[in-house]
Every structure is written in structure tokens, then in C-alpha cells.
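Look at the protein and the DNA beside it. Then work through the questions below.

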Number of protein chains: 2
Amino acid sequence: MSAEAMNPDLNERAQYLLKTLVERYIREGQPVGSRALARESGLDLSPATVRNVMADLEDLGLLHSPHTSAGRVPTARGYRLFVDTLLKLEPLQITQVKDLEQRFSKVQNPATLLETASSLLSSITHLAGIVMLPRQDHATLRQVEYLPLSENQVLAILVVNDREVQNRIIRTERRYTASELERAANYINSLCAGKDLYLVRERLMEELKSAREQMNTMMLAAIEMADKGFDKRPPSDDFLVAGQTNLMEYGELSDVEKLRQLFDAFNHKRDILHLLDQSLKASGVQIFIGEESGYEVLDDCSVVTSPYEAEGEVLGVLGVIGPTRMAYDRVIPIVDVTARLLGAALNKQQ
Amino acid sequence: MSAEAMNPDLNERAQYLLKTLVERYIREGQPVGSRALARESGLDLSPATVRNVMADLEDLGLLHSPHTSAGRVPTARGYRLFVDTLLKLEPLQITQVKDLEQRFSKVQNPATLLETASSLLSSITHLAGIVMLPRQDHATLRQVEYLPLSENQVLAILVVNDREVQNRIIRTERRYTASELERAANYINSLCAGKDLYLVRERLMEELKSAREQMNTMMLAAIEMADKGFDKRPPSDDFLVAGQTNLMEYGELSDVEKLRQLFDAFNHKRDILHLLDQSLKASGVQIFIGEESGYEVLDDCSVVTSPYEAEGEVLGVLGVIGPTRMAYDRVIPIVDVTARLLGAALNKQQ
DNA sequence: CTTTTGCACTCTCAAGGGGAGAGTGCTAAC
DNA sequence: GTTAGCACTCTCCCCTTGAGAGTGCAAAAG
């Protein structure tokens, strides 16, 4: 199978030149001219020939000239082709992997684990590391416990998905005694442990409706608790970001207004969250290059993500955000390995 | 008492001109020249006279010329004098206070309350809002509860300071039954409720030492729990920041390198935390202007803080960080009121 | 038919040179 | 003590200019 068959209209030489150009641009951050590319490629071609090839690549929408007499720069499509078929990944050194492993193993509780992942990503890649927290969608109730706090407040403690703990303060109509609360908890635990949180809630409400009359006080209490305690938790803290300041190091992104928008995006989350949600479905490393993300704020940025899983279940997504000209060959393996290690660490903690 | 007595070497006219200059500089952000100041002051003085006064003020270290032929700009000492003796505070409209009050009252749980305070501050002042979380130093145990999680894990739930809940996962030597855990909790609760967390720990350890032999299993269990569960919690999430992007709107701070340092400071916390710690001791609004903070990163920034308290006890500090030329007359009352409202809201939640 | 050479052309960038504007300090007059 | 006048000094903006980089095209070479 010839190279042409893989990438119609693009012979091997053109591909090689594209690859060289992208690599150099990633390294230097400057538009690449024909002379420089001819020299760097090592292909013993004259700049003029290289110019012809570059013109072809530009026609195909893979390159772009900032202006008449600057060199050329890869377009999003150019990066895409590069990443998909030209890129040779730089596998991590075993020592590096070991090092990462150790840093994970030092961490105590799961919450810190995610923060660690985020800041590891950011410090190794010098990009902004992001970690999307475990989704609450399919929270399975393992156990519930109630503690009286004050006159009309009860603390509900839900142990969810066998590993996560949620506290919610419930306002109640009247004071409940400790033993009342204990019986309510027992009732709910026996009925619902292992079931989906929101299903549980619906089920309890149904029971309440159909049998309101013969319900005894204990039942009523239990259901009041359940209703208030299982309410949809406000979707806070959806993801973590570390190392935003790393982004400031890149020339393309040092324009203040651009940065502003980016930070706003981080704060308001919405766009980035959608992107992460997409990645959640796919498995393995996913790459969004520039405009591909569909969000204007991320126009000059690429996002490299990978889902992480524990016990065969996908828990969330992690990755990095950086300029389109990030060092994909290094970043991709790092994101990949970090996702695996985070999964493994979560498994162990469990 | 004459004005000279209050500020030696500074007559009333000079003070008034300084005040006018600072106000204009805060408003416009541009060095103020003699002509503009003469006009703005309304004092029917010629620019030349004003120049003489300005020269005096410069000699006193209250003003500064960026270069020979720009206007003048207040120094940190100039701001300090302005804030201490010249500033007339702009009291909040009653409607504004009511509005704030309402926004606080909508919030459910204490953690969100602090976030709300932070983002309210930032959105109203257009500066970066900061809220230092309640200090853990004098955590008083109210109640402790244990839940078995898995073979060798127990979930400890500490209700601390009557309002805050901490979860800690404890690794144990062996499996404990639910009733064992319950008895351990009862033992600790009866013994220690209302006491300082770290005192409790020491006391338990002492008991363990002095009476190891006749200790029964239950006691041992209880103490194992207590030891592991009361351990010093890692000092995470010391403070919240909202609205960092607001800082980018100010010309003085839009230099990328400067912003970089500032964000780094936010991330690494140390300097800012020290500053907040200082404010914790004083009561009422505190103001650090530029270099006064003692931290280079904050050289062109001022920090306005106020401790907030509930039930007569100081819980933490909140405030804003912004450029030295922030609108002190507006900001100070806002910080003040927000601190009071946060305190009140925390009281109510309790 | 592909590659190279030569050349005119275009565009950016940095440096340099006024000129306008703003503001100052000083001196002498009011 | 206050003001007017004036020379002086900055900055900032605009313009020009030249160097450098890179291009595209046409014609020559392979």
C-alpha cells in the first residue's frame, strides 16, 4: 500500500515535509520558510522546490501564511493530519513512569488524588492540567446515616459508589431523636442499599403517595429525610484546573484579552465541560485541535484528554489544555499514562 | 485643633489638593498634571501655584513623577495618608445592603456561603475577592460517628465547631462490626464532646499509655479510631479567590509578567496567607497599600480585608485584592458590610 | 516532467527623526 | 504669597527608511 493511498494527493515527500514543518513550528513557534525547511528536512532539495510543495500543502488547507512574506504555519487540519498519521509518539522513560507512580502512591485520600493528577499534568507538560471529577450521574447508594445537629437540623451522610462521602444538612420540621434517626437510616439502608440514588428517591416518594394513610411516624420521618437528603446535589466543583499560569508562557496566548477569555472559560466551565463530556464517551486519548473544539475561546488551543477508570468503570476525564503548537509527541503519552495511573491509584485506595 | 496639628507640614489646602489628586488618579488612571488639578480642585488657583504645592508634596514622599514631564501619581505613603485622614467613605445604599442580604440568605450550606461571599465581593467591586476559610486551629469536637466501609476501612465523621463536617477514611488493622464502632463512638462522644480536637487526641493517647494493660478491646478500638481520625488534617483549601480576571481590566496590571506572578501567588498562597493571618488579629477593616504588604508580588496592589465572625468568635478573613488605585471609598464599606453579612448568615445557618 | 536558478515583489520589523502635546522648574513681576 | 512667562524635557505618535525574510513566477537546466 503506497503512501498516496493513505493520504490522496499527498506523496511521501510532501508528508515528510509537512511533518518536519510542524515539528519545527512546535519547537520554535515561528512561521517556517522554505529555506529553513529545506535545510532542516535534510532532503537535499532547493528552497524553490520546497516552496512548490508548500504551495500544494497550502492549497490542501494544511498550511497557512500569516502574510505574504512570512513562512508558513500549520492549520488545524494540518495538525490533525500530523497527529493522526505522521506523529511518532515519544514513549515515556520507565524511570519517568516509576516516578509518576510513586508520586501517586504517596497521596492519601481520593480527593487529593485528583488534585495531584491535575498538578502533575500541569507541571510535567507545562500546560494547564484539567481533571473532571467523577460524575454523579449513576450514584449508587451504599449506606446512609443521620446525625441530629440542632433543633431542626439533621446531618445526612451518604456513602455513595462505595467510596465517596457526601454530607448534606437537612432542615426538618421538628426535632428528631437519635434513635428515630437511626431507625430511619436502617429502614432506608435495608430498602435501598446498592440502588441508584435517584431511583431510590422516586421509589420512596411513590411509597409515600400510595400508602400515606397507614404510614407510621417512623416511615414518615424516613421519607422526609430521604426526600431532602437525596435531592439533586448542586453540580459544583465539576473539574479542577492546575497551572493556568503555564499558559502565559506561550507567545500566542500572551495577548491579555485572549487570556482573559480563557480564564473566564475556566471559571464558567460550560464550554470546557461539554468538551470533556464528549471525551468521556470515547475511550483512549482524544485530541481536539483549535477550532475543532467548536468553542471560540479555544480557537488557538488544543485539548488532549483521556478517560480514567477504576474497576472497569469510567469515572471521569483528565487531560491538558494548551496552545495548538504543544509538543503532542510528549503530551499524548503523558496524558495516557497519567489516566492509567490515576485509575490504578483509585483502585488501590478503594 | 488645626489641620496642621494633625498632619504636620501639611496645610489644609495641600491636603485638599492631595485628596483631589488621588481621587482623580483613581478615577482616570493617568498621572495628574498641575493644570488639570487646578481646574478640578475648584480652588481658583493658577497651575503654577498648584505646581509649588505638588513639589512640596513630592518632597514629603506623598507624590511621585513617573518622569520629568508627566503629571504626578500618589505613592504608597500618599495613598496611606489619603485613606487614613482624607477619605470620605461612600456608605452603601440601604437597597444595596438589602440586596446583599438577600443573596446571602438564598445560600444553603456553609461551604457555598463562603464561595458566595467571595464572588459577591468580586462582582461588586470588580476586583479579586478572597475569603479565608475558618481556621482549624481550635476545632472543637461536637460529635463523632464511625461507619464501616470495607474490610479494613472505616469512615470517620467528625462534626466540628457545631457546624462543620469532616470526613476521614481510616485504615484499620482488622474489621470492626457496626456495633463495635458505635460503642467506640459513644465512648469518645461522652468523653470528649465540646473539647478541643487536638487536646482530645493527646488525652486519649495518655490514657492508652497509662492503662494499656487493663484496656479492653472496645477501648482499644476507640483509641485506634481516635488516633487516626483526629490526626492533623492537611491544610488544604486555605482560601478562595473569585474574579481574578477582573484584575486584567486594569492597565497597570495588564503586563503579562506581572499578572503571571500574581496568579502564581494566588496558586501558591503563602504570601497572601500571611497577610490574611495578620488581618485576622486586628478587628475591623484593614488596608495594605502597595509595598506595605511586604511582598513584592503585591507591589502595585492593595489589599482590603475584614475579619468575619459568628457568635462572637472570629472565624476567618475576607476581602479583595486590586490595584493600588482602587476606589477605596466604595470598596471599604463593601468589604465591611460583606464581612458582617457573612457572619450573620453563618450564625443563622448554625 | 521535475527541479533549479534568478529576479522582482511584498511584507514585517526595528531604528531613527521630527513635531505635537503635556508638564515641569525657575525667575521675575504683581 | 501668588502668578505669568518661558525655556526645557519628556513621551508619544507618525512617518520614513532600510534590512531581512520569504514568496511567486518564468525561464533554464537536468
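Q: Which elements each supply at least two residues of the surface near DNA strand D?
A: This is a predicted model, where local features need pLDDT of at least 70, side-chain atom pairs count only at pLDDT 80 or more, and totals for chains, interfaces and linings use all residues. Residues are numbered from 1 along each chain as its sequence is written, while chains are lettered from A and ligands numbered from 1 in the order in which they are written. Helices are DSSP runs (H or I, at least four residues), numbered from the N terminus. Near means that the C-beta atom, placed from the backbone, lies within 6 Å of the strand. The elements are α4 of chain B with α3 (34-41) and α4 of chain A.

Q: Which element gives the largest share of the surface near DNA strand D?
A: Around this strand there are 20 residues, and Gly33(A) and Ser34(A) are among those that come nearest. The largest share is four residues, and its source is α4(A).

Q: Which element gives the largest share of the surface near DNA strand C?
A: This strand is surrounded by 20 residues, with Ala48(A) and Gly33(B) among the closest. Two or more residues come from α4 (47-59) of chain A, and likewise from α3 (34-41) and α4 (47-59) of chain B. The largest share, four residues, belongs to α4(B).

Q: What average pLDDT does chain A have?
A: pLDDT is the predictor's confidence in each residue, from 0 to 100. In chain A, 84% of the residues score at least 70. The chain A average is 83.
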